[in-house]
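User: Please examine the structure shown below with me. I should like to understand how its parts are arranged.

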Amino acid sequence: MDESENTQFRTEDFYNALSSSDLETTDNESQQGHSWTTQVKKRKRVATGSPATTHNNTVIRVPSLQNAPNKYLLIIASINPSIKLGRQNPIKIQKALSDSVGVAKNLKQLANGNLLIECQDKHQWKAIQQRTSIGEWSIRTSLPKSTTSSAGVIYNVPLDFDIEDEDLKSVMKGQKVSKATRLTYYDKNSNTRKTSRSVKLIFDVPILPQTINIGFNSYKIKLYVPNPIQCYKCQGYGHMAGNCSNKRKCRKCGEDHQSNECNTESPKCVNCKGDHPSNYKLCPSREQQKQALKVVKRDNITLHEANKQVKES
Ligand SMILES: [Zn+2]
Ligand SMILES: [Zn+2]
Ligand SMILES: [Zn+2]
């Protein structure tokens, strides 16, 4: 993960980053927007002063949810890494595109500066992939990760099942698994992260298979939905403190002081204004974030769009 690249983002960018990380072609599991947690990531969070408590793994169980039908999506990047197409004049970009391949159905800037294009049809989708330039820009195109892979989770995998075992790996590989990671959870009593019986699986197919066989057991595969990330500084969702440009707000009362220096008797949530601390696990705002993340995964849209949908419903 390139932290330095992320430090410039505002909230809006981070909403985009959250879902665009899913759309990236690079296999970057430790994108900021995702809170599936490996041990490596935990160390990183601790190092940046983020609270482990707000980054527990939660997997929302979504019954019989399959990935959305494929749209004709493409990522377009400049071949020159210092040129970010998403930061260019959008009107110029749009004109260059429509002059060369016709008007796109949808065009979005990803947090990393690349463009995500939704094509009108297969014909346009193929045409763009054959281009090496649009307008004045030399480009390369790639398929978003979500059109080539999918993430699921299986539960109750005995802890003595070593998912790093080479034999087991090859069994899983035969079932299209490109990566398996045990999820961890934050244990309040010991103040550490512990290994859970849930295993996250990355499949190199866009539609999640329904089951997987490991040993003599068949496991049902559920859609993997990352946990909302919450800012340690402003208590808002969708970004982390290191990238926060908002005012500091106390986790307990919402005023401008350190949360651990607060001795309020009447907590107030920054997000929903309810009478609980802002990191309350059952906060309606948090619930809304979870719903939105679910929609992101299901419908393959940005978190920003998903949040709008969830708010409206
Ligand atoms: Zn913040
Ligand atoms: Zn306070
Ligand atoms: Zn709340």
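User: Which residue of β8 stands opposite Ala 151?

Analyst: This is a predicted model, in which local features need pLDDT of at least 70 and side-chain atom pairs count only at pLDDT 80 or more, while totals for chains, interfaces and linings use all residues. Residues are numbered from 1 along each chain as its sequence is written, and chains are lettered from A and ligands numbered from 1 in the order in which they are written. Strands are DSSP runs of E of at least two residues, helices are runs of H or I of at least four, and both are numbered from the N terminus; β6 (residues 150-154) and β8 (residues 192-203) pair in the antiparallel sense over 5 bridges. In this pairing, the residue of β8 opposite Ala 151 is Ile 202.

User: What does it take for two strands to pair, and how many bridges link β7 with β8?

Analyst: Two strands pair if DSSP finds at least two bridges between them. Strand β7 (residues 177-187) is antiparallel to β8, and Arg 182 stands opposite Val 199. The number of bridges between β7 and β8 is 9.

User: Which residue in the turn of the hairpin formed by β7 and β8 has a positive phi?

Analyst: Most residues other than glycine have a negative phi. The hairpin has 4 residues between its strands, and one residue in that loop has a positive phi of about 60° although it is not a glycine. This residue is exposed, with 9 other C-beta atoms within 10 Å; a residue is exposed if 12 or fewer other C-beta atoms, placed from the backbone, lie within 10 Å of its own, buried if 20 or more do, and partly exposed in between. The residue is Asn 191.

User: Is Lys 273, with its positive phi near 65°, buried or exposed?

Analyst: Lys 273 is found in the loop between β11 (222-223) and α7 (284-299). Around Lys 273 there are 10 other C-beta atoms within 10 Å, so the residue is classed as exposed.

User: Which strands stand at the edges of the open sheet of 5 strands?

Analyst: The order in this sheet is β2-β3-β1-β5-β4, with antiparallel pairing. Each edge strand has a single partner, so one side of it is left without a neighbour in the sheet. At one end, 4 bridges join β2 to β3 (residues 115-118), with Gln 109 opposite Leu 115. The edge strands are β2 (106-109) and β4 (133-134).

User: Why do the buried residues of α5 line one face of the helix?

Analyst: Helix α5 (residues 122-129) lies across β1 (73-78), β3 and β5 (137-142), at about 25° to β1; the axes are lines fitted to C-alpha atoms, for helices over the stretch in contact, and angles run from 0 to 180 degrees between N-to-C directions. Its buried residues are Gln 124, Trp 125 and Ile 128, whereas Lys 122 and His 123 are exposed on the other side. Contact requires C-beta atoms, placed from the backbone, within 7 Å. The buried residues line one face because, seen down the helix axis, the directions from the axis to their C-beta atoms fall within an arc of 105°.

User: Over which residues does pLDDT stay under 50?

Analyst: pLDDT is the predictor's confidence in each residue, from 0 to 100. The chain averages 77, and 76% of the residues score at least 70. The stretch with pLDDT under 50 is residues 1-69.

Technical notes:
Contact = placed C-beta atoms within 7 Å.
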